[in-house]
Every structure is written in C-alpha cells, then in structure tokens.
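User: Please examine one part of this structure closely, namely the sheet shared between the two protein chains. I would like a connected account of how its strands are arranged and of what surrounds it.

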2 protein chains.
Amino acid sequence: MVATKVKGCFPSPHHDHHSCVAAALASAEAHCTANSLRLTELRRQVLELIWASHRPVGAYTLLEQISGNGRKAAPPTIYRTLSFLLEHGLIHRIASLNAYIGCSHSGDDHTARFFICDQCGEAAEVDGTVIDEAISKDAQRLGFRIGKQTVEVAGVCAECDSGRDK
Amino acid sequence: MVATKVKGCFPSPHHDHHSCVAAALASAEAHCTANSLRLTELRRQVLELIWASHRPVGAYTLLEQISGNGRKAAPPTIYRTLSFLLEHGLIHRIASLNAYIGCSHSGDDHTARFFICDQCGEAAEVDGTVIDEAISKDAQRLGFRIGKQTVEVAGVCAECDSGRDK
DNA sequence: TCGGTTGCGTTATATTATAACATTACCTGT
DNA sequence: ACAGGTAATGTTATAATATAACGCAACCGA
C-alpha cells in the first residue's frame, strides 16, 4: 500500500494511513535537519494532527486539540506554528476553506493544486504539470509574471460518487 | 476602447472605465430583468461600488461606502447583497483575498479564473478554456466530478513589471 | 387592499487571524 | 558550566471577516 503516487490521487479508504503519517513526519524531519530548521515538539505535534486525516483542518480545531493535550494554547500559538509549517512547505493552506492540509512533497517549493471532495471532505494534491502549463500559457499571453497560485477544485470524489447511487 | 476582450485581459491604465461600469450595469440589469430578479437600489449601488475599480474589494470597505452614502448599514446588509450578486453571477469572490470583484460576463454560470497583480491590485478574469481543459483532464484521471473551482494566480502584471526597471 | 413573499434593519455573536509585549528554551562561544 | 544572544512560545488584547435570528417595511400579485 502506497501513501502517495506520482501525480497525486485520492487516498483509498483502505490505505495504510499510518504509513502516510510516518512518511510525512520523516520527510519533514529530514527537510528540517537538512535546512537547520527546528521541528520543535509543538510543530511536530501540529504537523501530526494535520496529518491525522486527508481532510483540510481549521486552525481553531487544531488549537483545541493541542490545548486538550495537557497544554493550554491561544490563537497566536497555532498561527505561528502554521506559519512555520507553511513557510517551509510542510503544509498547504486551502484558501477556499480557511483550512490547512499536509503537503505530500514536504519541503519542495512546488505550487500545489487541490481537488477537494464536498462530501467526504478529503483532498487530493496533484502535481499539476498539465494545469501548470495551461496557466503559464495564459500568463504568458497576459505578460503576467506568476507568483503564488491558488488552484482548488471542489466537487465529488470517485469514492463518494460511486456510493451515491447504491 | 473596449472594456473586455474575448479571453480576458488586464485593463489598460488608459481605458475608458466609465464604459466598463456602464456595460456591467446594463448587463446586470438585463440579466435581472430576464430572470425576474430584483436589482434593487442597494444591490445596484453595491455593484457599482464594486465596479469602481478592477481591484477586488473587501466587504467592510463596501460597507463603509454604502454607510457613508447617507445610509447606515450593518454587516448583514452588505453580506446579503454580496450573496445575491454572487448567486446570480454578477460578481465573483476572490478566496485568497476575501474580496469581491465584478464579473465581466454577468449572468453566465461560468467558472472564473483570475490573475491578480500583487502590485497594483488589479485582477484579470480570463475565460480559461486552456486551464479548464487541463483541470478536466486531471479530474477525469481521478474520477472526480467537478463542482466549484477556485483558480487565482497572484503575481505581477505586465504594466507593473515594465514600470519596475525604470 | 389584502396577504404573502422578499428585502432590509438591527442586535448579537461566530469564526478566522494578527499585534504587541513578556517569558522561556535553546544554542554558541568561552 | 555559564553568560549572552536568538529563537520559540506564552499571554492579553483586538482586528477582520462572516453569519444567526428576529422584526419591520416594501413590493407585488390576486
């Protein structure tokens, strides 16, 4: 069972999620070590909470969770932690949901595209060479120098769509 | 001078903006008439304020503006109005900015893609057949049924980019 | 003009996010 | 081990964005 594939996909409901989390954490750790970044207890904890599912999760949900953990935390705590994780490419922010999700390619400074299921809430990050080219093409026509991209496609995933007419 | 082109573009700094507004308002009016929708004074006013520029504008900015206009308004007023305009395709919401911008193709139930300049703040809505195909392609691969799309590319527009090294 | 529906006013509050400053933990050089 | 600086976290307050709930008023069709 593989956690992620080359071009991105929705996780099977039967996938070995522990290995997703393990891989993500290991990758994050490696990236931090390589770049002299401190993956503190708090940061690791939050990253792990984010990876608890493949669903984007809100800042205040995370805040409650780390507060429950014997710690009491205020908003800046979680937002600072999220900033760190975002800044170093360990997570992504889903603007259309004001929520955060683990990055499947930790550390790479790639731009991410997401397909997000309205029904199960899961999100698939795709390595969008095709989409990327299309955007570049339009940008070129406009003489536009591309910065940060936000590509979030809501809809219904294959899993939910098939269960629909049972 | 033309307000909008077929595939979308950044407005020239010298374009005749009055004609943009006039066209947008006329188009909105036509759409509302055709669909038995009530483009009330408030709605028209807000739409006009949104069209005051080609920059996405925040809800509370609009709120201040309609409040200044002899009226005093609370948040629900502006949000209800924005909901109406969004629902009927007269404006778009820019998720990455929590802001709103006039729709160049009023009434069509098209999905919009935006290029947004970080420097001047202007946004160009493009009719993204190319981007659309790319997204459809990935969606098909995933077995994903596409719903609402959010495609917002930040960066620097040609105008600002050229002025940059003066 | 009656009566229902839609739009708007108003009050209160939820949700998401940041500013500013204090304190603690950590690392570095000695 | 310790001093001193830097980075991380705690804490308090508040900003910015958005919605719930309820009542009144305007509009419109019969």
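Analyst: The account below begins with the sheet, moves to the chain contact around it, and ends with the chain as a whole and the DNA strands.

The model is a predicted one. Its shared sheet is open and has 6 strands, in the order β4(A)-β3(A)-β5(A)-β5(B)-β3(B)-β4(B), with mixed pairing. The edges are β4 (123-126) of chain A and β4 of chain B, each of which pairs on one side only. Ignoring direction, neighbouring strands are turned against each other by 15° on average.

Two helices pack on this sheet. Helix α5 (residues 129-142) of chain A touches β3 (113-117) and β5 of chain A as well as β3 (113-117), β4 and β5 of chain B. The direction of α5(A) makes about 135° with that of β5(A). In turn, α5(B) touches β3, β4 and β5 of chain A together with β3 and β5 of chain B. The direction of α5(B) makes about 135° with that of β5(B). Each of these helices thus has sheet contacts in both chains.

The two chains are joined within the sheet through their β5 strands. Strand β5 (residues 145-156) of chain A and β5(B) run antiparallel and are linked by 9 bridges. Three residue pairs illustrate the register of this pairing. Val151(A) stands opposite Val151(B). Towards the ends of the pairing one may follow Ile146(A), which stands opposite Gly155(B), and Gly155(A), whose bridge partner is Ile146(B).On the chain B side, β3(B) and β5(B) run parallel and are joined by 5 bridges. One of the pairs here places Gly155(B) of β5(B) as the bridge partner of Cys117(B). Gly155(B) therefore stands opposite Ile146(A) in one pairing and is the partner of Cys117(B) in the other, given that strands are paired by their bridges.

On the chain A side, β3(A) and β4(A) pair in the antiparallel sense over 4 bridges. Within this pairing, Arg113(A) stands opposite Val126(A) of β4(A). The two strands form a hairpin with 5 residues between them. In the turn, Gly121(A) has a positive phi of about 80°. The edge strand β4(A) is covered on both faces. Ala123(A) and Glu125(A) are buried on one side, and Ala124(A) and Val126(A) are buried on the other. Val126(A) is thus both a buried residue and the residue opposite Arg113(A).

The contact between the chains takes 35 residues from chain B and 35 residues from chain A. On the side of chain B that touches chain A, two or more residues come from each of β4 (123-126), α5 (129-142), β5 (145-156) and α6 (158-163) of chain B. The largest share, 12 residues, is that of β5(B), the strand that is bridged to β5(A). By class, this side of chain B divides into 20 nonpolar, 7 polar and 8 charged residues.

The sheet may also be placed within the chain. Chain A has 6 helices and 5 strands, and from the N terminus its elements run α-α-α-α-β-β-β-β-α-β-α. Of its 166 residues, 37% count as buried. Among the contacts in chain A between residues at least 6 apart in sequence, 56% join residues at least 24 apart. The C-alpha atoms of chain A fill a box of roughly 50 × 50 × 30 Å along the principal axes. The radius of gyration of chain A is 17 Å, which agrees with the value near 15 Å for a compact globule of 166 residues.

The DNA strands are next to other elements. Of the 20 residues around DNA strand D, those that come nearest are Thr40(A), Leu42(A), Ala74(A), Pro76(A) and Pro75(B). At least two residues of the surface near DNA strand D come from each of α2 (41-50) and α4 (75-87) of chain A and α3 (59-68) and α4 (75-87) of chain B. The largest share there, 5 residues, comes from α4(A). The surface near DNA strand D comprises 10 nonpolar, 5 polar and 5 charged residues.

DNA strand C is likewise surrounded by 20 residues, the closest being Pro75(A), Thr40(B), Leu42(B), Ala74(B) and Pro76(B). Here the elements that each supply at least two residues are α3 (59-68) and α4 of chain A, with α2 (41-50) and α4 of chain B. For DNA strand C, α4(B) gives the largest share, 5 residues. The surface near DNA strand C has 10 nonpolar, 5 polar and 5 charged residues.

Methods:
Residues numbered from 1 in each chain as written. Chains lettered and ligands numbered in written order. Predicted model: local features only at pLDDT ≥ 70, side-chain atom pairs only at ≥ 80, totals over all residues. Near = placed C-beta within 6 Å. Nonpolar A, V, L, I, M, F, W, Y, C, P; charged D, E, K, R; others polar. Rg over C-alpha atoms; globule rule 2.2 N^0.38 Å. Buried ≥ 20, exposed ≤ 12 C-beta atoms within 10 Å, placed from the backbone. Contact = placed C-beta atoms within 7 Å. Axes fitted to C-alpha atoms, helices over the stretch in contact; angles between N-to-C directions.
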